Amino acid sequence: MTIESPSVSKRPQAARRAGSHAQTTAGRAASCCAPGEWRAWSAPPLPADTPVKRRIDHIVPRPGWPAAAYFAAVIGLLGLAQVLPPPGYLVVDAVAFLAGGSWCALNFLRRRQAHCVVTGAGWLVLALFVAAEAGLGHSLIHGDEQLLFLLILAVGLVFEGGRFLAR
């Protein structure tokens, strides 16, 4: 036998749970900055309240297939660079690093993902360095540009993980 308080709704228990789930979900959407609230990799974008932010939203690919296609294009450029002779592979690497760094820098401005500070800045600086190497006609770091690209990615992800754990 259960005794029900007069203040408790007469709705069935499943309906009460569904209602509380909707309230919880709405509360999560309202408070984007609470730790542990994001269920996906990307945080929700900040409000597009300026023309610059709206322009960035048009430039940066949306999550899903557009983002996957962009990543595939960068990876394809990195693969193409592997089969080109010395000055050519440096140019292609510089374009790939510029594409990755630009995405991360713009993504940080809109979504504030911590790793994008490290990867965006690191890849853009690396793109400038590799473009200078291409101008010289040879690699100054013995062809390890792509390894440095991956190292910057790893440092960015460790930074993101450390920030997440600290919060």
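In helix α5, the buried residues (under 20% relative accessible area, with a 1.4 Å probe and protein chains only) are A114, H115, C116, T119, G120, G122, W123, L126, A127, V130, E133 and A134. Their cover includes α4 and α6. After α5 comes G137, with a positive phi near 95 degrees.

The model is predicted, so local features need pLDDT of at least 70 and side-chain atom pairs count only at pLDDT 80 or more, while totals for chains, interfaces and linings use all residues. Residues are numbered from 1 along each chain as its sequence is written, and side-chain values use heavy atoms, with hydrogens and water left out.

**Confidence**

The mean pLDDT of the protein (the predictor's confidence in each residue, from 0 to 100) is 81, and 74% of the residues score at least 70. Among the elements, α5 has the highest mean pLDDT, 96, and helix α1 (residues 13-30) the lowest, 46. Over residues 14-34 the pLDDT stays under 50, and the model has nine contacts (heavy atoms within 4.5 Å) for them beyond four places in sequence. Residues 36-40 also stay under 50, with six contacts beyond four places in sequence.

**Overall make-up**

The protein has six helices and zero strands, where helices are DSSP runs of H or I with at least four residues, strands are runs of E with at least two, and both are numbered from the N terminus. Along the sequence this reads α-α-α-α-α-α. Of the 167 residues, 26% are buried. Contacts between residues at least 6 apart in sequence join residues at least 24 apart in 62% of cases. The exposed area of the protein is about 10800 Å², of which carbon and sulfur atoms supply 71%; this area comes from the Shrake-Rupley method with a 1.4 Å probe.

**Helix lengths**

For three helices, the distance between the end C-alpha atoms can be set against the expected span, which is 1.5 Å times one less than the number of residues.

| Helix | Residues in helix | Expected span | End C-alpha distance |
|---|---|---|---|
| α4 | 26 residues | 38 Å | 37 Å |
| α5 | 23 residues | 33 Å | 34 Å |
| α6 | 22 residues | 32 Å | 31 Å |

The distance agrees with the expected span for α4, for α5 and for α6.

**Helix α6**

In α6, E145, Q146, F149, I152, G156 and E160 are buried. These residues fall within an arc of 115 degrees when seen down the helix axis, so they line one face of α6; the arc is that of the directions from the axis to the C-beta atoms. An α-helix has 3.6 residues a turn, so residues three or four places apart point the same way. The cover over the buried residues of α6 includes α3 (65-81), α4 and α5. On the face turned away from the buried side are the exposed residues (over 50% relative accessible area) L147, L150, V158, L165 and A166.

**The nonpolar core**

A nonpolar core is a set of buried Ala, Val, Leu, Ile, Met, Phe, Trp, Tyr and Cys residues joined through side-chain atoms within 4.5 Å. The largest one in this protein has 19 residues, among which V74, L78, F97, L126, V130 and F149 touch the most other members. Helices α3, α4, α5 and α6 each supply at least two residues of this core. The largest share, eight residues, comes from α4. Leaving aside neighbours within four places in sequence, F149 is in contact with V74, L78, F97, W123 and L126.

**L106 on helix α4**

L106 lies in α4. Its relative accessible area of 21% makes L106 partly exposed, a class that runs between the buried limit of 20% and the exposed limit of 50%. Not counting residues up to four places away in sequence, L106 touches I56, I59 and V60. L106 and K53 are 53 residues apart in sequence, with their C-alpha atoms 9.3 Å apart in space.

**Positive phi in two loops**

Most residues other than glycine have a negative phi. R112 is not a glycine, yet has a positive phi of about 60 degrees. R112 sits in the loop between α4 (86-111) and α5 (114-136), and counts as partly exposed because its relative accessibility is 41%. H142, also not a glycine, has a positive phi of about 60 degrees. The loop that holds H142 runs between α5 and α6 (145-166). At 75% relative accessibility, H142 counts as exposed.
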